[in-house]
2 protein chains.
Amino acid sequence: MTTGKRRAPAGAAVLRGEITTAIRRALMQELAAVGYGRLSIEAVARRAGVSKTAIYRRWNSKLDLVLEVVNAAAGARLPALDTGSLRSDLALLFQVVAHALGHPLASQIIPDLLAEAARNPTIDETLQQVLRARQQEIVGRLISRAVQRGELPATTDPDVAVDLIVGPLYWRLAIARTPFTDSYLETLVDSVVRALGTADTLPRQREAPTPG
Amino acid sequence: MTTGKRRAPAGAAVLRGEITTAIRRALMQELAAVGYGRLSIEAVARRAGVSKTAIYRRWNSKLDLVLEVVNAAAGARLPALDTGSLRSDLALLFQVVAHALGHPLASQIIPDLLAEAARNPTIDETLQQVLRARQQEIVGRLISRAVQRGELPATTDPDVAVDLIVGPLYWRLAIARTPFTDSYLETLVDSVVRALGTADTLPRQREAPTPG
DNA sequence: AGACGTCGGGACGCAACCGTACCGTCGTTG
DNA sequence: CAACGACGGTACGGTTGCGTCCCGACGTCT
């Protein structure tokens, strides 16, 4: 038995990082241009100026490629986001999200993959991890801080809160794709802050009578 | 010149409505199953138990077919929706929307087409008409009624209102596709009502002092 | 310096789909 | 009753993409 260990790949026999990068970039662009449904490896290779083999050497299939790249792209950094008040936390969060969804690539790829997730369990699982779970974590922390500050009641439903915070901005930026102004963002922040509070937001205001 | 009028098609030489219906139904199912990107006429024909020719006789192209069917499906009825108060109007609206997006077909087709609209101007235009314009109209009326009742200030921004009303529910039902309960809907209604109001929602409450 | 072994690229077989041309069928019209 | 004429379906060429195989090129390790 030749248990002889092959020596490690070396020399020209090693993946060129520049090509891997070109493929990644081309995939994102192609994904934005035609969507996951029509995505073709050949088109990605063409756009990257690379042969199909270069892609198949690195990833097993179309799905593998997309999942890995999306994971890497989304697995970036999530800012600390603790500014001292619910309103300013939200304002910062909205600005970050607006900036992220402002990238044409993101605003085209994300809705496309989210739609595809409805029929592809693997994509669904990945997005669940890199997108929704992250949202829940961020919003959850944001809310618990607000509760500690006394800005929100402890009964605040984080489930509803996620939808209230994510929904409007996502609809506006990714679906309607309507231009928006700073004052829009401010109005939205104010609205969401009001939405999160309850009728008796601040306990000590609870007994303030409203003279009829 | 033979201006001779051809006699109108008759007998077997006339479109069979049952087949047109079958094509429509098959298109919706196929659209939900694979999305617009991967939609193929052959698959629609197969699913409908019909030949491709039967489709091409009725519509010029894939896009024509989709646009016409979507237009017909969405061009349905919009209820009167005037229940006497902002809260109950919203509650009814949410129930209607939740019911509509509850259909698996709708919750798969709509996000898919909305994503496709980002790259296909024709689809975008159609959805703008049958979806977003309708939303703006409904929300606009809902708000103006609330303003007349004194439930909302006249300065309410209908632009923000649409996002606040549509966004969370759309996110929840079409994107996250998380099961939801009646109490979730109620909480959401309450939150949105609060979001829409301003700090001085009801003028006569404006001077109610908050003792420090 | 020579051998090694994977690299990237071009080419191939296979499958699916588009849109069209053709062909026999069938019910109404005159 | 005979002719009309669009019907639905099959068959076809052309295109595109998938995944694989084979090739010369190339840089490091011995």
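Which oxygen of DNA strand D is 3.5 Å from a polar backbone atom of B:A12? A sugar or linking oxygen of that strand is. The legends below describe a predicted model.

**Figure 1. Protein residues around DNA strand D.** The surroundings of DNA strand D comprise 25 residues. The nearest are A:S40, A:I41, A:K52, A:Y56 and B:S51. Sugar or phosphate supplies 60% of the strand D atoms within 4 Å of the protein. Bases supply the rest. By class, the surface near strand D has 11 nonpolar, 5 polar and 9 charged residues.

**Figure 2. Backbone contacts to DNA strand D.** A:A12 places a polar backbone atom 3.0 Å from a sugar or linking oxygen of strand D. For B:A12, a polar backbone atom is 3.5 Å from a sugar or linking oxygen of strand D. A:I41 contacts a phosphate oxygen: a backbone N or O atom of this residue lies 2.7 Å away from that oxygen of strand D. Three elements give two or more residues to the surface near strand D: α2 (41–48) and α3 of chain A, and α3 of chain B.

**Figure 3. Protein residues around DNA strand C.** Here 24 residues surround DNA strand C. A:R58, B:S40, B:I41, B:K52 and B:Y56 come nearest. Of the strand C atoms that come within 4 Å of the protein, 62% belong to sugar and phosphate. The surface near strand C is made up of 11 nonpolar, 5 polar and 8 charged residues.

**Figure 4. Polar contacts to DNA strand C from chain B.** Two backbone contacts go to phosphate oxygens of strand C. B:I41 has a backbone N or O atom 2.6 Å from a phosphate oxygen. For B:E42, the distance from a backbone N or O atom to a phosphate oxygen is 3.1 Å. B:K52 contacts a base instead: an N or O atom in its side chain is 2.4 Å from a base oxygen of strand C. The elements giving two or more residues to this surface are α3 (52–58) of chain A, and α2 (41–48) and α3 (52–58) of chain B.

**Figure 5. Helix α8 of chain A against helix α9 of chain B.** The view shows α8(A), residues 158–176, and α9(B), residues 182–196. Their axes come within 10 Å and cross at roughly 50°. At that angle, α8(A) is therefore oblique to α9(B). The crossing is right-handed. From α8(A), A:V160, A:D163 and A:L164 make the contact. From α9(B), the partners are B:Y184, B:T187, B:L188, B:S191 and B:V192. The contact has 5 nonpolar, 2 polar and 1 charged residues.

**Figure 6. Helices α5 and α7 within chain B.** α5(B) spans residues 86–102, and α7(B) spans residues 121–149. The two axes come within 10 Å and cross at roughly 160°. The angle is over 145 degrees, so α5(B) counts as roughly antiparallel to α7(B). α5(B) passes α7(B) in a right-handed crossing. On α5(B), the contact residues are B:L86, B:D89, B:L90 and B:L93. They meet B:I138, B:L142, B:R145, B:A146 and B:R149 of α7(B). By class, this contact has 6 nonpolar, no polar and 3 charged residues.

Note on methods: Residues numbered from 1 in each chain as written. Chains lettered and ligands numbered in written order. Predicted model: local features only at pLDDT ≥ 70, side-chain atom pairs only at ≥ 80, totals over all residues. Heavy atoms only, no water. Near = heavy atom within 4 Å. Polar contact = N/O pair within 3.5 Å; in protein donor to acceptor, adjacent residues only side chain to side chain. Helix = DSSP H or I, 4+ residues; strand = E, 2+ residues; numbered from the N terminus. Nonpolar A, V, L, I, M, F, W, Y, C, P; charged D, E, K, R; others polar. Axes fitted to C-alpha atoms, helices over the stretch in contact; angles between N-to-C directions. Parallel < 35°, antiparallel > 145°, perpendicular 65-115°, else oblique. Left-handed = near helix turned anticlockwise from the far one by under 90°. Contact = heavy atoms within 4.5 Å.
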